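Here is a short report on one structure. Read it with the sequence and the 3D view side by side.

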Amino acid sequence: MTLCQLFLQPDAAYSCISELGELGIVQFRDLNPNVNSFQRKYVNEVRRCEEMERKLRFLETEIKKDELPIYDPEDNPDAPKPREMIDLEATFEKLDHELKEINTNADALLRNFNELTELKHNLTMTQGFFDDAEMAFTPAHNRNQRDSDDDQVQLLYEYSMISHNKLGFITGVVPRERMVAFERMLWRVCRGNVFLRQAEIPELIEDPVSGEKLHKTVFVVFFQGEQLKNRVQKICEGFRANIYPCPENPHERRELAMGVMTRLEDLTVVLSQTQDHRQRVLAATSRNLRTWQIKVKKIKAIYHTMNMFNNDVARKCLIAECWAPVSELDRIQLALRKGSEASGGGTVSSVLNRMVTREQPPTHHKLNKFTQGFQNLVDAYGVATYREINPMPFVLITFPFLFAVMFGDAGHGILVTIFALWMVLKERSLKDKWRNQEVWTIFFGGRYIILLMGIFSIYTGIIYNDVFSKSLNIFGSSWRVRFGDDTLAKHDSVMLEPTPYNYTRSGDYRQMFSGTPYPIGLDPVWQLADNKITYTNSVKMKFAIIIGITQMGFGLFLSLWNHLHFNHRHAIYLEFLPQIIFLACIFFYLIILIFYKWTSFDGSKATDAPSLLIHLINMILFSYKTDPPSAAVFYTGQKQFQTFLILLAVLCVPWMLLGKPIYRIVMNKRRANRGVVLDADVRDTDTEDMLDDEHSHQQHHQHEVEMSEVWVEQGIHTIEYFLGCISHTASYLRLWALSLAHAQLSEVLWHMILHLGLSMNGYGGAIASFFVFMPWSSLTVFILLLMEGLSAFLHALRLHWVEFQSKFYKGEGYPFVPFSFRLLLDEAPVEA
Amino acid sequence: MEKFSISLIVFTVFWGLIGIVLPFLIPKGPHRRLIQTMLALTSACCWLFWLCFYLHQWKPLFGPQISSVDARALKVLWGQDL
């Protein structure tokens, strides 16, 4: 990783940055950190981009309103040239304006349409009133029919004939729910001096003002005089009744009605044409919408980046600073050349100049989709310091393995593997689905981790011989029941004889164990045993200790690798050696004892078998009793050898505590004698290391470190390591604890739920099994797979972060975040 | 003793092939080192796991305690020959 300076011609700058964005391997530094974002050079361009984005968002909402599909482009378009930006702006402006116009027109037309519809209904109904009145005029009808209705009409007509001019009327439309109140109000206000007729409009019509569909009623109010007219008008306004003028002359009414009909037909045609036009515009837009959005995003990103540059007026160029991996410098040069050519510059091309600095570069790991997930797990605790060992390749295997040791059920492992396989095989189609569901994105992002966890779980499940809490007997058990029938009848339970040869020197020995262990995993007989847990506790605890110490030792050797890489020779002798000797003396010795006990003591000597925990404690306390046989010495020279080991281990403590500070003191004295030395300290032998004037304020003051700081730091490291050795070893016992919990939960689910259905006979049993499967399977998924899985995941992660990585990992770096269009577009959440 | 060592040899050779021999056969490519690491670690972990369970069952200090009902069933199902 090197710091580079780019000198860009202003005209070529845009296309160069565009090429670098496509390449995606440089991280730009902000050279104007104190400048307000409104005072930067390209703030206008950024503002224009934001305006374009706003217009695109508006277009997108309109497209979504009409539920048109938006076409997703296969590959991302390149960033457009600067002149293209003006074209894009013009296009968006035109579309925006057009769409707004269409919308306003459509609204106006719709309102007009609704008013005319109401008017039409109005005319039809009032036509009915006046027709009745007309009919009443013919005398023959009049004399024969005597209902009150006709009376009213006759009365009305006679009255109107007499004082034709004075009887006024108002027609209008009012919502049906307000009709009763309207009538009552009219009656009260006008003191009964108005005459109201009403007819309901059968269908729902849209209110012109509010746009909702309501039931409405047509009414006509007859009154006499100006005052009443005013009152009626005010009441109509108050009840939001729409008043429509209605001519008295029947001819005029008919003409008006026909005019309204034609206008309505015209309006319908115009409305549908407007909608078609809108659809066409939106459909055309939807095809290009995503492409435009990507282009605008890229332009904005380029101008944001260019805002970080330093504008050198004297040399008439832009200066940029960026971090770039050394191995990619050729590609970057190529990209710069391409950019300069693309912008039509036959003149000076852009220049890349490597700078040297004492600053710590960002940490960059080359990853692919498989390793990315595991790197995230490691980075969540801390990003690796520049150039130290990345634990990820090791975590890739040990994390799923330790998870599997705690999860250990082949049946559950198969379910997890199937789920992970589905996610992995359907990667492409599932990548963009459900992007808003955070839980799903977490699971999907970790699909490879889950796949490995599942595969290892199947393996550990086979070794634990646990498939949904049942054992498989593939190779034949090594145990047989050789008790006589009378013994079996006398006792409730029997314990099988573990020694595979006659040690009793009497005749009643029967061999029940074949002497050969079950080839793969735990013998199936233990599933039926009452003392299964006692047996498996022993082996799981021992394995947990073995794997824990092995992993910690492995971590120590990684720290050795780090020391060798950074050329810290002194650290090897003053830190690594005491650490490994301490670990070996106490804990590697313990592992050897475990293997010795496994191979040397069988059932005949069961009471004499040493308890390793007691021996470890006695070793540290220097107490060697002979009282219980399990605490007695079991090999010659044990006391002397163990004393020697403990003394050696105790020696390591001051070795590590005092070693490094004394070394520092000696080095400081040597340096003081030699005078101020300019060349690099032993610590940072980065080969590209020279002084950089501009960044001298960030120089490492390593040769002037406070001694008190060194003492304190070393004291902390020493205590942390030695206490940690013991506590971390015990911490690995969680591998045993969680696997026990998982096995017990699984067994409980079987015995309490599934067994109920499976143990019933006949047809009832079949039906019961069917019903019992649902609670069993849902509890399996939610408790055992999800809850236990999450728990085992968390504990395995903790074991790696704390117990493993504390042996070698510093994690004080910062991540390399390159300027990459692909990253930019991937991160943008899809507005679904 | 012989039957004990058969399984031991089989599994050691199996995981040894995967963890020690196979890494040399991985073709050159950008992922060679990663795959070698993965194979070696996987075989080491899995072999160690198998070994611990195998050794623990070689010389058991006590036998399984089975209820008499189950014991009688096993007598019939598994027979008496070891």
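Which residues line the largest cavity? They are A:G408, A:Y464, A:D466, A:L522, A:K532, A:I533, A:T536, A:K540, A:L740, A:A743, A:Q744 and A:E747.

**Ground rules**

This is a predicted model, in which local features need pLDDT of at least 70 and side-chain atom pairs count only at pLDDT 80 or more, while totals for chains, interfaces and linings use all residues. Residues are numbered from 1 along each chain as its sequence is written, chains are lettered from A and ligands numbered from 1 in the order in which they are written, and side-chain values use heavy atoms, with hydrogens and water left out.

The model scores ipTM 0.97 and pTM 0.83. Chain B has a mean pLDDT of 94. In chain B, 99% of the residues reach 70 or more. Here pLDDT is the predictor's confidence in each residue, from 0 to 100. Where pLDDT is low, the predicted coordinates should not be read in detail.

**The largest cavity**

A search of the whole structure finds 5 cavities of 30 Å³ or more. A cavity is a set of points, on a 1 Å grid over the protein atoms alone, where a 1.4 Å probe fits but cannot get out; lining residues have an atom within 4 Å of a point. Grid points are joined across faces, edges and corners, and a volume is the space filled by probe spheres set on the points.

The largest cavity has a volume of about 110 Å³. Its lining divides into 5 nonpolar, 3 polar and 4 charged residues. In this scheme Ala, Val, Leu, Ile, Met, Phe, Trp, Tyr, Cys and Pro count as nonpolar, Asp, Glu, Lys and Arg as charged, and the others, Gly among them, as polar.

Which helices each supply at least two residues of this lining? They are α17 and α22 (734–758) of chain A. Helices (H or I, at least four residues) and strands (E, at least two) are DSSP runs, numbered from the N terminus.

**Domains of chain A**

The domain assignment gives domain 1 (1–31 + 317–362 + 816–823), domain 2 (114–136 + 155–274), domain 3 (407–529) and domain 4 (538–678 + 707–815). Such bounds come from an automatic or database domain assignment. The lining of the largest cavity draws at least three residues from each of domain 3 and domain 4 of chain A. The centres of domain 2 and domain 3 of chain A, taken over C-alpha atoms, are 86 Å apart.

**Annotated spans**

UniProt, in an unreviewed entry, places "transmembrane region" at residues 394–422, 442–464, 543–564, 576–596 and 644–663 of chain A. For chain B, the same feature name covers residues 6–26 and 38–56, also from an unreviewed entry. A "coiled-coil region" is listed by UniProt (unreviewed entry) at residues 35–119 of chain A. UniProt positions are given in the numbering used here, feature names are shortened, and annotations may be inferred rather than shown by experiment.

The table sets out the computed make-up of some of these spans.

| Span | Helix | Strand | Distance between end C-alpha atoms |
|---|---|---|---|
| Chain A, residues 35–119 | 72% | 0% | 65 Å |
| Chain A, residues 394–422 | 93% | 0% | 25 Å |
| Chain A, residues 576–596 | 100% | 0% | 28 Å |
| Chain B, residues 6–26 | 76% | 0% | 29 Å |
| Chain B, residues 38–56 | 100% | 0% | 27 Å |

**Single residues**

Two arginines have a positive phi. For A:R191 phi is near 50°, and for A:R505 about 55°. A:R191 lies in the loop between α6 (179–189) and β4 (195–200) of chain A. A:R505 sits in the loop between β12 (493–495) and α17 (532–566) of chain A.

Is A:R191 buried or exposed? A:R191 counts as exposed because its relative accessibility is 67%. A:R505 is exposed too, at 83%. Buried means under 20% relative accessible area, exposed over 50%, and partly exposed in between (1.4 Å probe, protein chains only).

A:L59 belongs to helix α2 (residues 43–65) of chain A. At 1% relative accessibility, A:L59 is buried. A:L59 and A:L95 are 36 residues apart along the chain, and their C-alpha atoms are separated by 8.3 Å.

A:N310 is in strand β9 (residues 310–312) of chain A. A:N310 is partly exposed, at 36%.

Methods: 1 Å grid on protein atoms, 1.4 Å probe; cavity = no way out; pocket = protein on both sides within 12 Å on 5 of 7 lines; lining within 4 Å.
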